[in-house]
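Here are my notes for someone opening this structure for the first time. Keep the viewer at hand and go through the points in order.

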Amino acid sequence: MASGYISQMGALAGKYSREVNEAKPAGKDGQTVEFRIAKLNQVWEKAQRMQLSPVRHAELHSDLKIQEKDELQWKKMKVEGLDENGEKEAQLRRNFNVILAKYGMDGKRDTRPLESNYLKDHDTKEEDMFADPRLNKLWNKAESSGKFSSEELMNLKREFQHHKDKIHEYNILMDTVSRTEEIHKNVISPLEGDAKEHVLHQKHTELKQKMRDLNQGFERLRKLSHEGFSEDSEFREPRVIELWEAAKRANLSEDELDSLKEELHHFETKVEKHSHYQEQLELSHQKLRHVEALGDKEHIKRNQEKYNTLAEKTREIGYKMKKHMQDLNNKISRQGLEHNEL
């Protein structure tokens with residue numbers, strides 16, 4: 001599959017999505033800016049000065065593009081009077097704060113531990129791979145069980161890593177909610193207080209849902225670790241597996257499930273393509289650093305151009321993948337299905 005991607009690189013390099021082809025907005029000084037929303041540009045400009053890895057940098061860009069899309073949609077909703085209680089606005093503000101925390105831009109050192117609701121039965125050691133004792137214990141058992149091939153162990157490790165990332169994102173969200181709750185308590189008008197109480201309730205509902213998702217995800221890992229992969233596993237990618245498991249729990253008809261399964265196979269191809277480009281970007285960055293050390297200007301220029309093309313493409317594919325995932329989540333949720341039927 002990798003060789004297929006590499007052979008397509010030339011064709012893909014100049015073939016960008018509508019979002020990428022659109023003329024970028026200009027700032028007050030006439031210089032082009034990356035995003036149409038000022039605060040997102042400020043974050044992006046700050047990121048240029050930070051020591052983020054190329055992959056993290058590309059991921060931040062994709063996250064900011066999703067945030068931009070959602071905020072522009074919300075502005076249209078506001079004009080049409082469709083966010084009277086401010087629920088969507090509060091969610092957007094929360095999502096923005098999560099992005100800041102995720103990439104270390106919230107002005108505080110990230111000391112959020114990967115805690116679990118279960119008692120720790122051993123101290124976390126530096127060499128522990130997943131920081132959460134439950135995950136480490138499960139992983140160590142699976143790794144030493146002898147029931148997984150090297151490829152299956154690699155796939156299982158990806159699922160464990162994905163779950164670890166989800167725990168970390170949950171802790172970031174919980175921290176963000178806790179820090180903003182005081183603002184909602186300091187209100188003057190009783191009517192305003194009721195509206196803010198509703199938003200606060202919605203935030204806690206979101207946290208509870210994410211905790212349920214984490215518990216279901218852990219149960220899946222526990223079952224996998226004990227029983228191994230079944231031969232009829234539908235998908236390989238953790239994010240796709242998670243969506244499929246959620247779809248099977250939702251109130252969907254057989255036809256809807258069949259249709260969704262087909263779409264998830266297309267989505268899995270996007271996820272794999274994104275992972276491939278992330279790997280290529282990291283390799284390209286390493287090669288560029290090596291060439292820069294040699295000092296050949298022409299060689300540096302060629303490698304810089306290749307790197308820039310890969311970085312742009314990785315951002316674009318990341319945005320498309322995250323947007324598709326957002327659409328699938330909406331489709332699977334009851335609200336999304338009702339919306340699609342309108």
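1. Start with Phe160. Leaving aside residues up to four places away in sequence, Phe160 touches Phe130, Leu135, Leu138, Trp139, Leu221 and Ser225. One caution while you look: this is a predicted model.

2. Phe160 also belongs to something bigger. The largest nonpolar core has 22 residues, and Phe160 is among those with the most contacts inside it, along with Leu135, Trp139 and Leu156. Two or more residues of this core come from each of α5, α6 (133–145), α7 and α8. Which element gives the most? That is α7, with 8 residues. As a general backdrop, nonpolar side chains tend to be buried together in soluble globular proteins.

3. There is a second core to find. It is separate, has 16 residues, and includes Phe235, Ala247, Leu264 and Val271.

4. Next, have a look at α3, which covers residues 38–48. Its buried residues are Leu40, Asn41, Val43, Trp44 and Ala47. Why do they count as one side of α3? Because the arc they cover around the axis is only 160°. Turn to the other side of α3 and you meet Ala38 and Gln42, both exposed. In general, an α-helix has 3.6 residues a turn, so residues three or four places apart point the same way.

5. What do the buried residues of α3 pack against? Their partners are α4 (54–79), α5 (87–102) and α11 (297–332).

6. That brings us to α5. With 16 residues, α5 reaches 22 Å from its first C-alpha to its last, close to the 22 Å expected at 1.5 Å a residue. The buried residues here are Ala90, Leu92, Arg94, Phe96, Val98, Ile99, Leu100 and Ala101; note that Arg94 is one of them. After α5 comes Gly104, which has a positive phi, near 70°.

7. Glu89 sits in α5 too. Buried or exposed? Neither outright: Glu89 is partly exposed, at a relative accessible area of 31%. Not counting residues up to four places away in sequence, Glu89 touches Trp74 and Asp83. Lys78 is 11 residues from Glu89 in sequence, and their C-alpha atoms are 9.1 Å apart.

8. Now for an acidic residue in α4, namely Asp63. Asp63 counts as buried, since its relative accessibility is 11% and the cut-off for buried is under 20%. Beyond residues up to four places away in sequence, Asp63 touches Ile99, Lys102, Tyr103 and Lys322. Two of those, Lys102 and Lys322, turn up again in a network of salt bridges that links them with Glu59, Asp63 and Glu169.

9. How many salt bridges are there? The count comes to 23. One of them joins the side chains of Glu237 and Arg158, at 2.9 Å from N to O. Glu237 lies in the loop between α8 (190–227) and α9 (238–249), while Arg158 is in α7 (residues 150–185), so this pair ties together parts that are 79 residues apart in sequence. The two ends differ in exposure: Glu237 is buried, with a relative accessible area of 8%, whereas Arg158 is partly exposed at 30%.

10. Finish with Glu245, which has two salt bridges to look at. Its side chain meets that of Arg220 at 3.9 Å, N to O. Glu245 lies in α9 and Arg220 in α8, so the pair ties together parts that are 25 residues apart in sequence. Both residues are partly exposed, Glu245 with a relative accessible area of 26% and Arg220 with a relative accessibility of 25%.

11. The other partner of Glu245 is Lys248, with the closest N and O atoms 3.6 Å apart. This bridge stays within α9, where Glu245 and Lys248 are 3 residues apart and so separated by about one helical turn. Lys248 is partly exposed as well, at 46% relative accessibility.

Technical notes: Residues are numbered from 1 along each chain as its sequence is written. This is a predicted model: local features need pLDDT of at least 70, side-chain atom pairs count only at pLDDT 80 or more; totals for chains, interfaces and linings use all residues. Side-chain values use heavy atoms; hydrogens and water are left out. Buried means under 20% relative accessible area, exposed over 50%, partly exposed in between (1.4 Å probe, protein chains only). Helices (H or I, at least four residues) and strands (E, at least two) are DSSP runs, numbered from the N terminus. The arc is that of the directions from the helix axis to the C-beta atoms. Contact means heavy atoms within 4.5 Å. The expected span of a helix is 1.5 Å times one less than its number of residues. A salt bridge is a side-chain nitrogen of Lys or Arg within 4 Å of a carboxyl oxygen of Asp or Glu. A nonpolar core is a set of buried Ala, Val, Leu, Ile, Met, Phe, Trp, Tyr and Cys residues joined through side-chain atoms within 4.5 Å.
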